[in-house]
Amino acid sequence: PLARTTVRSRLAHPWRSLATVSSSPGVSVKNCTQITPPYTKLVSNLDKVRRILDNRPLTLSEKILYSHLAEPEETKPIRGQTYLKLSPDRVAMQDASAQMAILQFMLAGMPTTAVPSSIHCDHLIVGHVGAEKDLVNSIENNKEIFNFLESAAAKYGMSFWKPGSGIIHQIVLENYAAPGLLMLGTDSHTPNAGGLGAIAIGVGGADAVDAMANIPWELKAPEGGTGHIIEYFGPGIETLSCTGMGTICNMGAEVGATTSLFPFVPSMSSYLHATGRGPVAEAAHRNAQFLRADEGAVYDKIIEINLSALEPHINGPFTPDLATPLSKFADVVKQNGWKDEVKAGLIGSCTNSSYEDMDRVTSLAKQAVEKGIKSKAGFFITPGSEQIRATIERDGQTEVLEKVGGVVLANACGPCIGQWKRDDLNDKEENAILTSFNRNFKSRNDGNATTMNFLTSPELVTAMSLSGRLTFNPITDPLVDINGNEFMLQPPYGDNLPQNGFTPGNLSYTPPDVSDPNPSIGINVDPKSTRLQVLEPFGPGPEGEFSELQVLVKVKGKCTTDHISAAGPWLKYKGHLENISYNTLNGAVNADNDKVNIVTNVFTGKEGAIHEVARDYHALGKPWIAVTDHNYGEGSAREHAALQVRYLGCPLILARSFARIHQTNLKKQGVLPLTFADPADWEKIHGGDVIETTVGVADLVAGRPGKNDTPEGGEISLVMRRPSGEKYEIKAVHTMSKDQIEWFKKGSALNAASA
Ligand code: SF4
């Protein structure tokens with residue numbers, strides 16, 4: 001670790017300030033045996049590592065990670081170098097990624113999962129007219145998948161959170177996250193649980209399978225830059241609510257951090273009590289020393305954030321890092337000639353769907369209702385869980401939100417993941433929406449590339465939706481009431497926790513605190529299914545050098561996992577590798593012709609979609625590679641992005657740089673990720689060129705030291721040939737650890753594990 005972020009002072013901006021923590025009667029106390037981290041063992045493990053590290057002061061991230069080492073006596077962790085073999089405490093999977101994880105876990109042949117695991121049905125539910133009807137329709141349309149997941153959960157003893165129960169990260173925060181916990185989630189916003197002091201890391205299904213199959217899970221000891229952990233500290237954190245800290249950690253995924261976390265503070269204790277986990281809070285109190293950084297811990301970088309001076313921002317469109325302060329946003333709208341209209345405002349998602357968010361938003365909606373006006377823009381609310389939905393219904397927030405024109409959607413991802421059926425738009429009409437979600441890549445919400453999607457706080461989404469104008473600034477601009485009189489919105493306020501405690505709502509959504517496996521249950525996958533397909537193991541890797549690898553495509557610019565394996569309508573094929581492979585790289589821009597998803601087949605001279613030409617090469621027995629730009633595979637933990645290229649015959653990806661999760665996912669599936677030693681060499685290669693031979697792969701697989709090896713990896717040379725016959729050489733580097741080389745040799749991590 002780590003970048004450490006000092007939160008310097010009490011945040012004072014009225015549009016961002018937080019209300020007081022209310023003492024809450026809370027829900028009934030849960031059985032906490034499975035959800036309390038094993039503090040005694042963790043502290044003892046850490047003592048062993050401390051001795052190896054000469055008792056130097058440790059950051060909180062180091063303490064949690066090192067206390068979870070599978071072999072604490074044998075590892076001397078060096079930041080940025082050592083691959084840590086870790087034993088996570090828990091796994092959580094969402095319905096889209098769980099399918100592939102479970103299909104892989106089935107190959108391992110185990111009777112139960114090695115650590116408590118949960119499945120959450122949230123991504124496959126479409127938001128359209130409102131929770132009740134949408135849920136019925138989505139369950140009907142995804143019956144086969146939900147039945148598959150439910151039967152697998154029952155067989156292997158996983159907790160099954162059925163459709164309508166809520167969004168994975170909110171459910172985890174309410175039920176499973178705990179200070180000092182190490183958990184993996186098959187979703188990139190898993191770091192949300194850092195708001196409760198956990199190290200929670202978004203991974204692909206194959207990593208989840210490692211933890212479930214009791215195979216130590218590997219992570220390079222994090223440091224600064226990509227692969228860092230952000231640890232927050234300072235006086236400001238004492239003022240934040242637990243769910244507010246969850247929001248901050250959730251968004252940390254957007255800066256490429258491995259995860260983010262906060263030390264154990266009183267608001268975590270209040271939240272644990274309010275959610276029926278008093279015993280976890282008490283155990284954490286007894287281990288408070290373990291749950292904060294040591295005095296004098298050294299960080300790679302410290303960033304100071306003065307919350308009192310931090311202005312609300314609006315981010316986008318099309319990327320979360322295009323940030324504009326609220327006071328400048330109207331100018332940006334005018335400069336770009338955007339229509340001054342907000343077509344829809346959406347609040348909720350796993351990022352901002354806490355009781356506090358809903359209460360603060362309601363305080364604004366109430367002012368509008370009192371003035372007799374409704375939201376000018378479409379207004380949609382996605383509660384994060386059944387518990388939130390039921391509690392805001394009981395406490396009256398839902399009534400106010402509906403009075404102002406809001407439509408409450410199902411407790412699920414819905415519009416945040418492209419599962420949004422809009423009736424308010426002509427096809428491809430340019431329009432602007434504001435959301436309190438965390439991502440806004442093109443087409444992310446409604447599948448429409450001309451929808452400009454901006455991210456901001458739930459409060460700003462609400463205020464701007466009320467006005468219906470993109471240039472509206474609630475701090476300086478008035479709204480107009482039903483009688484034509486102007487009025488100013490007063491700053492939002494709200495409770496962190498419900499004064500009368502949470503109500504669990506529909507209890508049929510809540511699985512038992514401990515789920516036992518039942519080996520007699522069968523898992524049926526219909527061979528004719530278009531949505532589920534039993535996996536065949538991949539074949540082994542090369543015994544020597546690669547030869548005659550065809551460059552299928554040279555990708556230019558941003559190529560996120562959305563570009564490699566799109567979501568939206570493709571989500572329904574998450575459990576069917578062959579069918580989903582038809583979307584492979586369909587958002588990638590070909591650097592040679594500037595076209596999206598069009599490449600030339602060198603054997604026929606004809607143009608085709610990337611997946612088509614890949615399939616043709618594969619059928620001809622011609623392995624192919626993709627050459628890619630910076631941060632290839634950024635975005636989500638979607639392992640399909642790695643599985644699909646492998647399935648279509650790609651054994652190697654050559655990138656200017658990789659996003660961490662995707663790079664690991666490629667390795668897990670037996671694909672060799674290489675980066676250019678000199679990123680400028682990207683210019684030299686073109687689609688149609690051929691890697692005549694690699695130099696260094698034979699050493700790698702034979703376990704021989706390679707040329708210019710470093711502790712992080714080594715050099716691989718590529719002898720290239722153009723269609724003209726001209727030859728040239730590219731120097732590349734790999735970052736394969738010893739275990740990862742085994743995966744590569746055996747064809748995949750799972751092959752290596754079950755060998
Ligand atoms: Fe669901 Fe959106 Fe959260 Fe992902 S970011 S878990 S899609 S709500």
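Select E62 to begin: in this predicted model, E62 has a relative accessibility of 0% and therefore counts as buried, since buried means under 20% relative accessible area.

Keep E62 in view and add R56. These two residues form a salt bridge, and their closest N and O atoms lie 3.0 Å apart. Is R56 buried or exposed, or does it fall in between? With a relative accessible area of 29%, R56 is partly exposed. The pair thus brings together a partly exposed arginine, R56, and a buried glutamate, E62.

Next, select E692 and K727. Their side chains meet in a salt bridge, with an N to O distance of 2.8 Å. Which elements hold the two residues? E692 belongs to strand β28, which covers residues 690-695, while K727 belongs to strand β30, which covers residues 727-734. This pair links distant parts of the chain, as its members are 35 residues apart.

Now move to E729 and K731. The side chains of E729 and K731 also meet in a salt bridge, at 3.1 Å from N to O. E729 is partly exposed, at 42% relative accessibility. K731 is likewise partly exposed, at 31% relative accessibility.

Return to the starting point and add R79 and D300 to the selection of R56 and E62. Salt bridges with shared partners join R56, E62, R79 and D300 into one network.

Finally, display the whole structure. How many salt bridges does a search of the whole structure find? The search finds 37, among them the pair R56 and E62 and the pair E692 and K727. In general, side chains of opposite charge can pair when their charged atoms come close.

Definitions and conventions
Residues numbered from 1 in each chain as written. Predicted model: local features only at pLDDT ≥ 70, side-chain atom pairs only at ≥ 80, totals over all residues. Heavy atoms only, no water. Salt bridge = Lys/Arg side-chain N within 4 Å of Asp/Glu carboxyl O. Buried < 20%, exposed > 50% of the residue type's maximum accessible area, 1.4 Å probe, protein only. Helix = DSSP H or I, 4+ residues; strand = E, 2+ residues; numbered from the N terminus.
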